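Subject: Structure handover

Hi,

Here is the structure you asked for. My notes follow below it.

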Amino acid sequence: MATQARSIASLTISFGLVAIPVKLYSATVSSERIYFNLLRQKDGSRVKQQYVAVNDGKLVERDEMVKGYEFAKDQYVMFSPEELKALEDATSHAIDIGQFVPLESVDPLYFDGTYYLAPDKGGAKPYTLLTTALRKARLCAVGRWISRGKEHIVVIRPIEDGLALHQLHFKAEVRDLKDLGIEAAPVSEPELKLAHQLIEHLAAKHFDPNDYADEHRARVQAAIQKKVEGKE
């Protein structure tokens, strides 16, 4: 039985004189992931992480820790929690839309996290209007949103009968492909023709996620179940 989705935050999509109240939902299901815990082999006891000072090898408790920035090799400037909090941007409940662009003009390389947006109380009609208008114009909205002290570029696009929000990386966060030093190798016309034929053979009209099951997860689950049932 599917569990009821719970909203993460209440926000407002804002552009011009328009303000649309929405609720933010995670678009991914973390419970579908398989996690392993670290155990002591001889008795299966859980182990916990501890922090050790590099200088003298002594354990450091959390209340003794501060964060620091390494400005030179092994040289740090330290910041207290209060100083870091003062540097953070205040969380904003508004997504400020700055422009509307074709979705295909946004390179997927910049996509970071994905969420759903649903209308909040009083927002059903403007939400539907925006969704329909974006779909007809074949555009997505690009804006800014501050969450947990960090500013994000976001894209809002229509998906089925609703809206999806994608967080984007900033330009400075994306490595330039030129850094890899890739050099194009010469290819002949027959080689290119063969490659084209192979592509055509596997070509489809659209991507269907149902065609790709997580086979690794299924194998891991089967192995776990065997151990649980005592077969191994």
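First, a definition for what comes next: buried means under 20% relative accessible area, exposed means over 50%, and partly exposed is in between, with a 1.4 Å probe and protein chains only. Helices (H or I, at least four residues) and strands (E, at least two) are DSSP runs, numbered from the N terminus.

Ground rules. This is a predicted model, in which local features need pLDDT of at least 70 and side-chain atom pairs count only at pLDDT 80 or more, while totals for chains, interfaces and linings use all residues. Residues are numbered from 1 along each chain as its sequence is written, and side-chain values use heavy atoms, with hydrogens and water left out.

Confidence

pLDDT is the predictor's confidence in each residue, from 0 to 100. The protein has a mean of 89. Of its residues, 97% reach 70 or more. Confidence is highest in strand β11 (residues 162-168), at a mean of 96. It is lowest in helix α1 (residues 81-87), at 82.

Strand β9 and its partners

Start with β9 (140-147). Seven of its eight residues are buried, so β9 is largely enclosed by the rest of the structure. Two strands pair if DSSP finds at least two bridges between them. On one side of the bookkeeping is β7 (residues 94-101), antiparallel to β9 and joined to it by five bridges. Phe-100 stands opposite Ala-141 there. The other pairing is with β10, also antiparallel, over seven bridges. Here Ser-147 faces Lys-150 as its opposite residue in β10.

β9 and β10 make a hairpin with two residues between them. Arg-148 sits in that turn, with a positive phi of about 55 degrees.

The β5-β6 hairpin

Strands β5 (residues 67-72) and β6 (residues 75-79) run antiparallel and share five bridges. Tyr-69 stands opposite Val-77. Two residues separate the strands in this hairpin. Asp-74 is in the turn and has a positive phi of about 60 degrees. Asp-74 is exposed, at a relative accessible area of 55%.

Arg-138 also has a positive phi, near 55 degrees, in a residue other than glycine. It lies in the loop between α2 (124-137) and β9. Its relative accessible area is 71%, so it counts as exposed.

The largest pocket

Search terms first. On a 1 Å grid over the protein atoms alone, a cavity is a set of points where a 1.4 Å probe fits but cannot get out, and a pocket is an open set with protein on both sides within 12 Å along at least five of seven lines; lining residues have an atom within 4 Å of a point. Grid points are joined across faces, edges and corners, and a volume is the space filled by probe spheres set on the points.

The largest pocket has a volume of about 410 Å³. Its lining includes Tyr-51, Val-52, Asn-55, Glu-64, Met-65, Asp-74, Tyr-76 and Met-78. So Asp-74 of the β5-β6 turn appears here too. β3 (51-52) and β6 each supply at least two lining residues.

What is the make-up of the lining by class? Nine residues are nonpolar, one is polar and two are charged. For the classes, Ala, Val, Leu, Ile, Met, Phe, Trp, Tyr, Cys and Pro count as nonpolar, Asp, Glu, Lys and Arg as charged, and the others, Gly among them, as polar.

Salt bridges

A salt bridge is a side-chain nitrogen of Lys or Arg within 4 Å of a carboxyl oxygen of Asp or Glu. The whole structure has four. Among them are these three:

- Asp-43 with Arg-40, at 2.6 Å, N to O. Asp-43 is partly exposed at 44%, and Arg-40 is partly exposed at 40%.
- Arg-144 with Glu-151, at 3.0 Å, N to O. Arg-144 is partly exposed at 45%, as is Glu-151 at 26%.
- Lys-150 with Glu-173, at 3.7 Å, N to O. Lys-150 lies in β10 (residues 150-159) and Glu-173 in the loop between β11 and α3 (189-202), so the pair ties together parts that are 23 residues apart in sequence.

One long distance

Phe-111 is in strand β8 (residues 111-119). At 27% relative accessibility it is partly exposed. Its C-alpha atom is 30 Å from that of Gln-221, 110 residues away along the chain.

Best wishes
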